[in-house]
Amino acid sequence: MRMGGMTSSVRKHAIGRPLAHDSAHLHVTGAAAYTDDLPEPRDLLHVAVGTSEVAHARIRSIDLADVRLAEGVVEVYLASDIPGANNCGTIVRDEPILAADRVEYAGQAIFAVVAQTVDQARSAARRAQIEYDELPSILDPIAALEQQSFVLPSERLDRGDASSSIERAPHRIERRLRIGGQDHFYLEGQVAMAIPREDGDLLVYSSTQHPDQIQHLVAQAIGCAAKDVVCICRRMGGAFGGKESQAASIACIAALLAQRTGRPCKLRLDRDVDMILTGKRHDFVVDYRAGFDDMGRLRGVEFEFASRCGISADLSGPVNDRTMFHCDNAYYLEHVSIVSHRCKTHTVSNTAFRGFGGPQGMLAIECAIDDVARTLGIDPVDVRRANFYGAGRRDETPPRDVTPGRDITPYGQKVEGNILPELFDRLEADSDYRLRRRQIRDFNQSSRILKRGIAMTPVKFGISFTATHLNQAGALLHVYKDGSVQLNHGGTEMGQGLFIKVVQVVADELGIEIEQIRTHASDTSKVPNASATAASSGSDLNGKAAQAAARKIRRRLAEFAARHFSVSECEVEFALGRVRAARHELSFAELVALAWADRVSLSATGFYKTPKIHYDRATFSGRPFLYYAYGAAVSEALVDTLTGESRLLRVDILHDCGDSLNPAVDLGQIEGGFIQGVGWLTSEQLWWNERGQLQTHAPSTYKIPTCSDVPTDLRVSLLERAPNHEDTIYRSKAVGEPPLMLAISAFLAIRDAIASERNPLPRLEAPATPESILRAIGVGFS
């Protein structure tokens, strides 16, 4: 086939195959080298940080004499020692690497100590004597709203006349919903190792989703240019957004101490310090008001979101913007008002987390839809379908007072390629939803203590960075004389399978086996100015960039083969490591050797920028997303109404990956994303005491899902024969974030289980811990 105007052809054999993760054999044998596993230079020093014990205070005095005298200590470092910028803020320069004269959250780094061993450094850091003049603290979004404390200005998006439409509607609901945060709890904690090189150069190994950002922030901190710093990351042991901006302070501290001592320095946080020092998923307080008709169709909706951002902006701006973009989820909101408050609190700065604000917005609208259905006594599935984008079912005519088309989002983007109605219908049938709902009703009538519930929810998730300029990627491809290939691109591997997917792309573009390709670490000296691997865009961006580089080389090889064998380029075919030029056939390696001898360039860069997208943030309008990924889930839960314990019994998922690049990897992402979402909404509770100190900072108090929390009946399917309508890499769709929101079905299944005639709208707060469930049940018995 011809690809992108090329005259040679290539037969595909790697794309679409369920290949194992490229490092799977290393993962299971313990041979995969993470940042802390890298060989340590002979004179390596270890760094620890001293942190604040109070949430908000002026620093009256710091006595580090005992720290300096501690065994093994080489150097102690304060904010005043930083030669460059004392900043690790990413978008807004508003967060210091080390606090100078004021601390703003319990756990904030004040100083660093470097010693011969990890234990010596950590022990010494605990010997500091710091005196504070404590100041009033704001510890939650409601208090921040009352005191008008914000890290960024509040934002508003209006379409139509929500207030009047609600007032004119036959029915109305109003509710406050509390949504908890979530710790990333990556298996590999935050770590960086900085190695001084000749003439002021610095090499930084960092567990980061964004090596480019590390390069630039480190350069600014040590007072040099980006050219003097190289950042490398081969793999991360999980990230989930927690290493997009949060890795910066860790790398900067290690780099500053390496510069100061002239020796390699490593900073690795232990789990407790990691959880206290680094940001999390934003928790929200959401007020919503909705008006609706007798069929459950929304006439008007008002949302007011207040998120806990912490002490600085970090990524809270785009996170909260995405909340605003996704509080419609799959539903057409003709009259809507959305207000977003970005609250400053004296807690750690919250940050990116899988879904990036989208899950909180989606949970709000799904709870509203659930309230509408329960108020009317209609199955929530029918209310959801009635509010879908488009006219709903193909044979349904919208009411006369409803805008025809129903395909424009509140921010003005047209919803194209909407396959959700068909996907939703298919899952409803395949999961036996209606039959099971009747069976659950019968079960609950005969069971006094154990109650079952079921819920089916959709997902519509926009794919692209909302900041248009970030939607770009680069790749570097070398073909060696023996036909082997070395690949670099700007994406980072955190277990999500990005590297194997991009290898599959290159293998098919060159017509070679994947074993002929090796992907090297993400490296700022190889691919500059790369965006973070985030927003589910890793394969979309880096796959296209690598494809562009591979096509350049294939074009050169085809031109050479045509000339060498005196055939036309259209007669040159690449497939399975062989090349055919009319009647001539040779291996790819043999052709490469001939081309090299003929002085053909066998190295190429590739670049890609996402087309069509544009967005005016001042008006919250435009096309921020190239396309939408869709999915749906049916969850069935069992609740013990005496203890509040809950359990998922069965989950059915049907998810849209377009034409999947790698079904095995995508299935893993769907399953893992769903279970992580279940953790967020059922068990992972963050709790600060009245002094603003995080008390859930270890697995003993912070409960992530375990294998026993996975439903015994888990049925996950990819939607087949549904290629992306946009020209993405081989018509695939992103899969990193969207599956997490499928877990909203689990939360609403629990709510369904505890709803009763006396308490049809239980005020269940997320996460639905046993305590939260008992409180919600108690409302009905008060």
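**Reading the sheets in a predicted model**

Q: Let's start with the sheet that holds strand 4 and strand 21. How many strands does this open sheet have, and what is their order?
A: This is a predicted model, and in it 8 strands make an open sheet in the order 4-6-2-13-10-11-12-21, with mixed pairing. Read that order as a walk across the sheet, strand by strand.

Q: Which strands are at the edges there?
A: Look for strands that pair on one side only: here they are strand 4 (73–78) and strand 21 (522–523).

Q: Now let's zoom in. In which sense do strand 2 and strand 13 pair, parallel or antiparallel?
A: Strand 2 (residues 45–51) runs parallel to its partner, strand 13 (residues 265–268), and the two share 3 bridges. To find the spot by eye, pick Val 47, which has Leu 267 of strand 13 opposite.

Q: Which strands does helix 7 touch?
A: Helix 7 (residues 247–261) packs on this sheet and touches strand 2, strand 4, strand 6 (109–115), strand 10 (191–196), strand 11 and strand 13. For its direction, compare helix 7 with strand 10: the angle is about 30 degrees.

Q: And what about helix 6? Which strands does it touch?
A: Helix 6 (residues 211–222) packs on the sheet too, against strand 11 (202–206), strand 12 (229–233) and strand 21, and makes about 145 degrees with the direction of strand 12.

Q: On to the sheet with strand 17. What is the strand order there?
A: The order is 17-28-29-30, an open sheet of 4 strands with mixed pairing. Its edges are strand 17 (450–463) and strand 30 (713–718), each paired on one side only. Going from one strand to the next, the twist averages 15 degrees.

Q: How many bridges join strand 29 and strand 30?
A: There are 6, and strand 29 (residues 646–655) pairs with strand 30 in the parallel sense. One handy landmark is Val 651, whose bridge partner in strand 30 is Leu 714.

Q: Which strands does helix 12 lie across?
A: Helix 12 (residues 420–430) crosses strand 17, strand 28 (627–640) and strand 29, at about 30 degrees to strand 28. Helix 13 (residues 433–446) also packs on this sheet, touching strand 17, strand 28 and strand 29, with a direction about 145 degrees from that of strand 17.

Q: Where does pLDDT stay under 50?
A: Predicted coordinates should not be read in detail where pLDDT is low. Here, pLDDT stays under 50 over residues 1–5 and over residues 391–396. For the chain, the mean pLDDT is 96, with 97% of residues at 70 or more.

Conventions:
Residues are numbered from 1 along each chain as its sequence is written. This is a predicted model: local features need pLDDT of at least 70, side-chain atom pairs count only at pLDDT 80 or more; totals for chains, interfaces and linings use all residues. Side-chain values use heavy atoms; hydrogens and water are left out. Two strands pair if DSSP finds at least two bridges between them. Axes are lines fitted to C-alpha atoms, for helices over the stretch in contact, and angles run from 0 to 180 degrees between N-to-C directions. Contact means heavy atoms within 4.5 Å. pLDDT is the predictor's confidence in each residue, from 0 to 100.
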